[in-house]
Amino acid sequence: MDKAKRYNNIRLALDLGGTLLGWLFMFAIVLLGFSSWVEVIAFSVVSSPYLAFLTFAVIIGTVETTLFFPLSFYGGYILEHKYGLSNHTFRSYFWEKFKAFGVGLVIGLPVLLVFYYLLRTFPEIWWLYVGVFMFLVSIVLGRLAPTLIFPLFYKFKPIEDETLAAMIRERCGDAGMKVEGIFQFDMSKTTKKANAAFAGIGRSKRVILGDTLLEEFDHDEIDAVLAHELGHFEMKHLWKMMAVGTVFTFVGLYLVSVAYSFWIEKLGFEDITQLAALPLLTLLFGIYGFMSGPLQNAISRRHERQADRFSVEMRRDSSAMVRALEKLADQNLADRNPHPVVELLFHSHPSIEKRIAHLRAYPLKI
Ligand SMILES: [Zn+2]
């Protein structure tokens, strides 16, 4: 088996194993009474239900993170080094984890508090209010992430290559897209993998290019990748995905609320707001997210094919995009030809081999 396949198989096994173990953990702490015990501790420290909820969430979160640390360290550090994909030092890895934990607390705790407020205030239709709230949170995060969150992890600066900057500006202009800037960031600080994207929404929209990409790709290849991204923009894929995601969220929240109420009764909890029962809610959200993933991936793969086609049509050339995909596959150690079932269930992009075949087969109307 080739190196890329082995790497991707291990990664998949880790992801699936981690997901399954995470569910088992949530289920076990409820059934074995650990969550009831933490609830008692939380109320012995504070009396307000909201503070008790926060205490409960922090304790459960800490126990889970500690238990799962070996798995996450293996996947995030050891495996990446073993396959020559990481530029992290031991220190930089932990520093990044620490920052991510901090950001998680600052964003996560207020969101959790509002969630718990909605659960307590609207016990019958909490799912509807939570859905609206989550939608608003995703808009705010999409708007603020490039300016407030990304810079905590990477240094962004306007790209130095003037010729490339002018070329990108022209491309975006042709497609009628206003961007706030074209930035490069020090992706090589942590990884050898390459990436480029449009980030942000509304006025924070910008092009961001990893320095790893700028180093390895020539202008034609970067232009082809950019034209692919502009395809997503032209065909409004972001908005379509958000619309689909919103529908999925509401359906999911409703189904979860029904299943949760059923379990609350079966397991003899007082009501849906009882702290000890809340890990079940996490479990149900996890299961729903996992089950709805393949459908969202199918839509995403379709969008990717359309964006590839757009890139070829816009540039009247498929060779640069093919070269870019070859390079990306090498640099990111992608499995060029994953098992069809794996691709069907878990991949948001068609396999590199399929994309290249599709690009080559596309007739250019000159
Ligand atoms: Zn794409």
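**Notebook: Gln184, its sheet and the zinc site**

I began with Gln184, which counts as buried because its relative accessibility is 11%, under the 20% limit for that class. I note at the outset that this is a predicted model.

**Entry 1. Gln184 and its surroundings.** I placed Gln184 in strand β2. I then looked up its contacts, leaving aside neighbours within four places in sequence: Gln184 touches Lys155, Phe156, Lys157, Pro158, Ile159, Glu160, Leu209 and Leu214. For Glu160 I also found a polar link, as a polar atom of the Gln184 side chain lies 3.2 Å from the backbone nitrogen of Glu160. Lys157 is the bridge partner of Gln184.

**Entry 2. Strand β2.** I asked which residues cover the two faces of β2. On one side I found Ile182 and Gln184, on the other Phe183 and Phe185, and all of them are buried. I followed the pairing of β2 (residues 182–185) with β1 and recorded three bridges in the antiparallel sense. Phe185 has Phe156 as its bridge partner. Turning to β4, I recorded that β2 and β4 run parallel and are joined by four bridges. Phe183 of β2 is bridged there to Ile208 in β4.

**Entry 3. The sheet as a whole.** I read the strand order as β1-β2-β4-β3, an open sheet of four strands with mixed pairing. I noted that β1 (156–158) and β3 (196–199) stand at the edges; each has a single partner strand, so one side of each lacks a neighbour in the sheet. On average, neighbouring strands of this sheet are turned by 30° against each other, direction ignored.

**Entry 4. Helices across the sheet.** I looked up which helices lie across these strands. Helix α5 (residues 126–153) lies across β1, β3 and β4 (206–210), and runs at about 20° to β4. Helix α8 (residues 219–234) lies across β3 and β4, and its angle to β3 is about 35°.

**Entry 5. The zinc ion.** I asked which protein atoms are donors of the zinc ion. I found His228 (NE2), His232 (NE2) and Glu304 (OE), lying 2.0 to 2.1 Å from the ion. Along the chain, I recorded the donor spacing as H-x3-H-x71-E. His228 belongs to helix α8 and Glu304 to helix α10 (residues 278–315), so this pair ties together parts that are 76 residues apart in sequence. I checked burial for these two donors, and both His228 and Glu304 are buried.

Methods
Residues numbered from 1 in each chain as written. Predicted model: local features only at pLDDT ≥ 70, side-chain atom pairs only at ≥ 80, totals over all residues. Heavy atoms only, no water. Pairing = 2+ DSSP bridges. Axes fitted to C-alpha atoms, helices over the stretch in contact; angles between N-to-C directions. Contact = heavy atoms within 4.5 Å. Donors = N, O, S within 2.8 Å, 3.2 Å for Na, K, Ca; no water. Buried < 20%, exposed > 50% of the residue type's maximum accessible area, 1.4 Å probe, protein only. Polar contact = N/O pair within 3.5 Å; in protein donor to acceptor, adjacent residues only side chain to side chain.
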